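Hi everyone, thanks for coming. Today I'd like to walk you through the surroundings of a bound molecule, so have a look at the structure first.

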Amino acid sequence: MPIRLEAILQDQVDHPAVRDVLAVLADACAEISRLVRSAAVAGQLGAAGVVNVQQEDQKALDVLTDELLTARLMECSAVAALASEEQADAVCTDRTGGCLVAFDPLDGSSNVDVNVSVGTIFSLRPAPDGRPAHPEDFLGDGRAQLAAGYAVYGPQSMLVMSFDARVMAFSLDEDGAWVLTHPALAVPVGTKEFAINLSNRRHWRAPVISYIEDCLAGRDGPRGKDFNMRWVGSMVADVHRILMRGGVFLYPWDAREPDRPGKLRMLYEAHPMALLVERAGGRATDGVRPLLERVPPSLHARTAVVLGSADEVERVRDVG
Ligand code: AHG
Ligand code: MN
Ligand code: MN
């Protein structure tokens, strides 16, 4: 008898607000899965003609998924405030208690027009006690997260989440229900697979170049083994592969935008993925420090990201 997400939330999540918010997010991700699947037929692919707070051109689906998640979360009384990668400001309610929810509504959206996997990433934090939330309440370290997860809309739609020490994965069945398919993901400690956008090589710092050169040298080089490379260009898909079979993912600082510490956003991408990877036995750093120790200075703050198989992440030290 397949175990459904509702049963897991009911039986295993002690925190009522976390339980309610995860249920709302799971339903919203099932809706987004349908939206993505039917987007070509419904004429919802392509650009929205708007530049967002990240200075990135929004896709029509970036806007639709952001609106959908915002609407569903605002209807949930356990949500005190939300912050979206696509919105300049956090939306705070006058509710007290419950959760703060940060999300990237459509990760990898540049891939959606060419039918490559995209996803939704989310992170839950405790709301302050006894007063309504302020936007600054989101600015905590990664260990303060109560739960985190993502949905990946690929050949199968899957929902990966952690609300305790484990990382579980659910698959969307034909009837639109999330069914437990992977009770405890574990990232292998070693790997022979790396993920990085190699086209940026000339912009990297020397330690990143040297790490990748060593991998590329294969069995004749200092690592003494051949490496494989993968780069989907959707963080959800690249991290999902690593959670399933190991690997290392790098999005380091680079000289294209010297004042920016990296491309990926701490609250919406780095913190939730770091929580999942660490709880699955991997490591996640900004090249120097554990990502979960970092406190974002602002809602949309960026960071360098190195995550995946523990032994490999340990090698990529001091590259921040
Ligand atoms: P988003 O679509 O939410 O802006 O995120 C895109 C991110 C991430 O998913 C991916 O790892 C990275 O951008 C890819 O960047 P490059 O195009 O520079 O390779
Ligand atoms: Mn993203
Ligand atoms: Mn996005």
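**Around ligand 1**

Let's start with a contact: a polar backbone atom of methionine 235 is 2.8 Å from an oxygen atom of ligand 1. A polar contact here is a pair of N or O atoms within 3.5 Å. This is a predicted model, where local features need pLDDT of at least 70 and side-chain atom pairs count only at pLDDT 80 or more, while totals for chains, interfaces and linings use all residues. Residues are numbered from 1 along each chain as its sequence is written, ligands are numbered from 1 and chains lettered from A in the order in which they are written, and side-chain values use heavy atoms, with hydrogens and water left out.

Side chains join in too. In tyrosine 251, a side-chain N or O atom is 2.5 Å from an oxygen atom of ligand 1, and for lysine 263 a polar side-chain atom lies 3.0 Å from a ligand oxygen.

Which residues come nearest? Of the 18 around the ligand (a heavy atom within 4 Å), they are Asp107, Gly108, Asn197, Met235 and Tyr251.

And where does ligand 1 lie? Domain 1 (5-182) and domain 2 (193-319), bounds taken from an automatic or database domain assignment, both give residues to its shell, so ligand 1 lies between them.

Technical notes: Polar contact = N/O pair within 3.5 Å; in protein donor to acceptor, adjacent residues only side chain to side chain.
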